[in-house]
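Q: I'm new to this one. Can you walk me through what is here?
A: Sure, have a look and ask away.

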Amino acid sequence: MTDPSKPLNDRQRAFLRYKQATKEHGRPFFPHETFTDTVVGVVVVGIILTLTVAWYSMAGCGQLWDISCSGDQVLTAHEQAVITGEIDDEAEISKVKAGFTERTGREFPEDARIVLEPLYEEKADPATTKYHPRPEWYFYFLFYLLVIFSSPSLVLMGTIGVPTLMLVLLLAWPFLDRSRERRPSRRPLAMTAMVVTAVVLLSFTWLGAQSGKVGGVEGLTDEQVAMPGYELVVNDSRGQCLACHMVGGAGNSGPGPDLSEEALLNRGIEWQIEHLKQPTSQIPGSGMPAYEGVFSEEEIEAVAKFLETLGMPERATDPEYAS
Amino acid sequence: MGITQQARNAAVDVADGIEDRTGLIGYHRWFLFRNVPRGISIWHSLGFALLVVFVLQAITGAILAMYYQPAANTAYESIVAITTQYDWGWVVRGMHKWGASVMIVLLFLHMAASFVMGAYRYPRELTWITGVLIFALMMGMGFTGYLLVWDNRAFWATVVGININGTAPFLGPYILDFLRGGPEYTGQIIARFYAIHMLHIPGALAALIGLHIYLVTRLGVTPAPWKTDDPANHPEAWS
């Protein structure tokens with residue numbers, strides 16, 4: 001109290017009663033509660049150590065709880081990619097396995113499983129744009145927001161709007177919910193809000209983690225598949241378009257929108273070209289990277305023309321698109 | 001006077017000397033020798049568990065910093081060397097990596113427990129606000145630390161993350177340039193993220209955690225409201 005002569009209000013009196021009751025009837029923090037805290041701390045450190053050993057043994061040595069490998073014996077990023085299934089080309093797999101045996105003098109661990117995560121993936125290469133955006137698991141819920149708000153007019157809502165609103169709401173919560181009642185059974189609104197938030201966070205984290213591997217593209221005509229843009233969109237490692245978009249049932253359902261009926265949006269080739277070069281020039285708030293400098297001018301035009309046939313396959317025979 | 005008594009007197013003299021000059025022993029007593037309500041449970045230990053993990057992250061981070069080389073052509077190689085070449089390097093890196101994940105889980109649990117117990121009510125509003133800020137900064141630590149491994153996955157996830165930040169109204173373009181350290185995505189981004197991850201956010205975090213602990217000690221711990229036999233939970237305090 002800055003002014004001792006001012007009478008206490010109800011909340012201040014209640015807090016004084018709490019202080020008095022804690023002083024008279026409470027338990028000493030030291031050593032009672034510090035002991036409980038220490039036990040919890042040791043358990044938590046134990047969990048972290050266990051995760052570390054499981055991670056290194058599986059991804060590094062190829063066998064759960066085996067931590068005996070080091071130096072050249074540790075699986076490389078490329079070898080770990082074979083185990084995770086990231087590399088699925090048979091010839092490449094055989095080459096990697098033979099290389100492992102030659103380097104280490106051991107058989108490739110055929111039954112290895114990487115349940116947690118690889119030690120690392122291939123070195124980042126900003127120039128060649130091998131694009132595979134996977135955030136750390138605790139950002140999956142934000143990642144999934146991009147899927148939900150993938151419509152161009154709503155992108156800004158998913159990227160900035162909702163996360164900012166959530167943070168402001170959390171900060172302001174003590175001033176929004178000012179009753180003195182603390183029993184959960186008598187705070188139905190607050191408890192419902194919490195349970196809904198928890199369910200949404202958990203399910204978004206789960207759904208964000210589910211954006212799986214690229215399968216076969218279906219529903220395209222032979223003329224569409226023959227277009228130069230098809231290879232660039234579906235198979236080109238610089239583009240990795242299907243890491244974020246779906247085309248004909250293949251690819252990931254986010255963070256970018258499904259492109260299977262892109263032509264029906266009537267955006268036109270020029271719009272597509274400008275968008276590919278600099279996405280934010282056409283869709284403010286877009287998280288998509290710019291492809292100018294990644295693809296050549298001709299390649300960008302080819303991708304734009306291919307996109308403008310999706311949902312309108314008859315265009316693939318039209319010289320304006322096919323050339 | 002026996003040798004035990006002499007040693008005890010000497011220790012008291014040293015303690016008095018320290019107290020006289022710093023007042024630290026008084027603070028130490030204020031922090032340690034206090035009562036907490038009877039109605040507390042294991043859920044109240046989550047805050048301490050978070051402090052333990054934060055210290056663990058600081059220690060492992062300081063060790064990693066001695067071997068990590070924050071530049072485009074050395075970062076990835078130094079991470080590989082830390083993991084495969086140096087003795088116990090994988091333990092230090094692994095505990096730092098998994099410590100971050102465990103910390104995020106604990107943060108969510110700690111916030112949920114505080115929310116359920118109504119621990120944000122008068123006079124603990126600031127304790128809650130500092131906690132939310134700590135949470136936001138921890139997410140920032142996760143975002144900046146993820147890139148430092150400098151593999152493709154981390155790099156491209158960060159590109160998307162930074163592009164998203166760049167779409168913020170008004171400040172977006174400035175945030176974009178600030179985070180990537182220039183108009184393009186180059187190796188400069190590692191130095192930028194390394195500084196943010198090593199200095200800027202941890203500095204702010206340490207200050208906020210200190211304030212948070214001070215407030216918790218000063219205002220006391222909120223007892224679980226369902227422990228009705230705790231006198232600190234007197235019904236008059238609720239209605």
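Q: What share of the residues of chain A count as buried?
A: Buried residues make up 44% of the 323 in chain A. Keep in mind that this is a predicted model.

Q: And how much of chain B is buried?
A: For chain B the share is 53% of 239 residues.

Q: What are the chains built from? Start with how many helices and strands chain A has.
A: Chain A has 13 helices and 3 strands.

Q: How many of each in chain B?
A: There are 9 helices and 1 strand in chain B.

Q: Where does that strand of chain B come in the order of elements?
A: Reading from the N terminus, chain B goes α-α-β-α-α-α-α-α-α-α. Two helices come before the strand.

Q: Now overall shape. What radius of gyration does chain A have?
A: Chain A has 28 Å. A compact globule of 323 residues would have a value near 20 Å. The C-alpha trace spans about 90 × 60 × 35 Å along the principal axes of chain A.

Q: What about the radius of gyration of chain B?
A: Chain B has 23 Å, against near 18 Å for a compact globule of 239 residues. The C-alpha atoms of chain B fill a box of roughly 65 × 60 × 30 Å.

Q: What part of the contacts in chain A joins residues 24 or more positions apart?
A: In chain A it is 57%, counting contacts with a separation of 6 or more. On that same count, chain B has 67%.

Q: Surface next. How much area does chain A expose?
A: Chain A exposes about 16800 Å², and carbon and sulfur atoms supply 61% of that. For chain B the exposed area is about 11100 Å², with 68% from carbon and sulfur.

Q: How far apart are the mean positions of the positive and negative charges in chain A?
A: They are 21 Å apart, for 27 positive and 43 negative charges.

Q: How many positive and negative side chains does chain B have?
A: Chain B has 14 positive and 13 negative side chains. The centres of those two sets lie 4 Å apart.

Q: Let's zoom in. Which residues of helix 8 of chain B are buried?
A: Helix 8 covers residues 172–180, and its buried residues are B:Gly172, B:Leu176, B:Leu179 and B:Arg180.

Q: Why do they end up on the same side of helix 8 of chain B?
A: Because they cover an arc of only 85 degrees around the axis.

Q: What do the buried residues of helix 8 of chain B pack against?
A: They pack against helix 7 (152–165) and helix 9 (188–219) of chain B.

Q: What comes just after helix 8 of chain B?
A: B:Gly181 sits there, with a positive phi of about 70 degrees.

Q: Which residues other than glycine have a positive phi? Say, A:Asn266?
A: A:Asn266 is one of them, with phi near 55 degrees. A:Asn266 lies in the loop between strand 3 (250–251) and helix 10 (269–277) of chain A. B:Trp88 is another, with a positive phi of about 60 degrees. The loop between helix 4 (75–84) and helix 5 of chain B holds B:Trp88.

Q: Is B:Trp88 buried or exposed?
A: Exposed, at 61% relative accessibility. A:Asn266 counts as exposed too, at 59%.

Q: Where is A:Glu308?
A: A:Glu308 is in the loop between helix 12 (297–307) and helix 13 (319–322) of chain A.

Q: Buried or exposed, then, for A:Glu308?
A: A:Glu308 is buried, because its relative accessibility is 1% and the cut-off for buried is under 20%.

Q: What does A:Glu308 touch?
A: Leaving out residues up to four places away in sequence, A:Glu308 touches A:Ala263, A:Arg267, A:Gly268, A:Ile269, A:Gln272, A:Arg315 and A:Tyr321.

Q: Back to chain B. Is B:Gly61 buried or exposed?
A: B:Gly61 is buried, with a relative accessible area of 12%. B:Gly61 belongs to helix 3 (residues 46–67) of chain B.

Q: Last topic, cis peptide bonds. Which residues does the one at A:Pro31 join?
A: That bond joins A:Phe30 and A:Pro31, with omega about 5 degrees. A:Pro31 is in helix 2 (residues 29–61) of chain A.

Q: What about the bond from B:Tyr122 to B:Pro123? What is its omega?
A: Omega is near 0 degrees, and the bond from B:Tyr122 to B:Pro123 is cis. B:Pro123 is in the loop between helix 5 (89–116) and helix 6 (125–147) of chain B.

Definitions and conventions. Residues numbered from 1 in each chain as written. Chains lettered and ligands numbered in written order. Predicted model: local features only at pLDDT ≥ 70, side-chain atom pairs only at ≥ 80, totals over all residues. Heavy atoms only, no water. Helix = DSSP H or I, 4+ residues; strand = E, 2+ residues; numbered from the N terminus. Rg over C-alpha atoms; globule rule 2.2 N^0.38 Å. Buried < 20%, exposed > 50% of the residue type's maximum accessible area, 1.4 Å probe, protein only. Contact = heavy atoms within 4.5 Å. Areas by Shrake-Rupley, 256 points an atom, 1.4 Å probe, with all protein chains shown as cover. Lys, Arg positive; Asp, Glu negative; His and termini not counted. Charge placed at Lys NZ, Arg CZ, Asp CG, Glu CD. Arc of directions from axis to C-beta.
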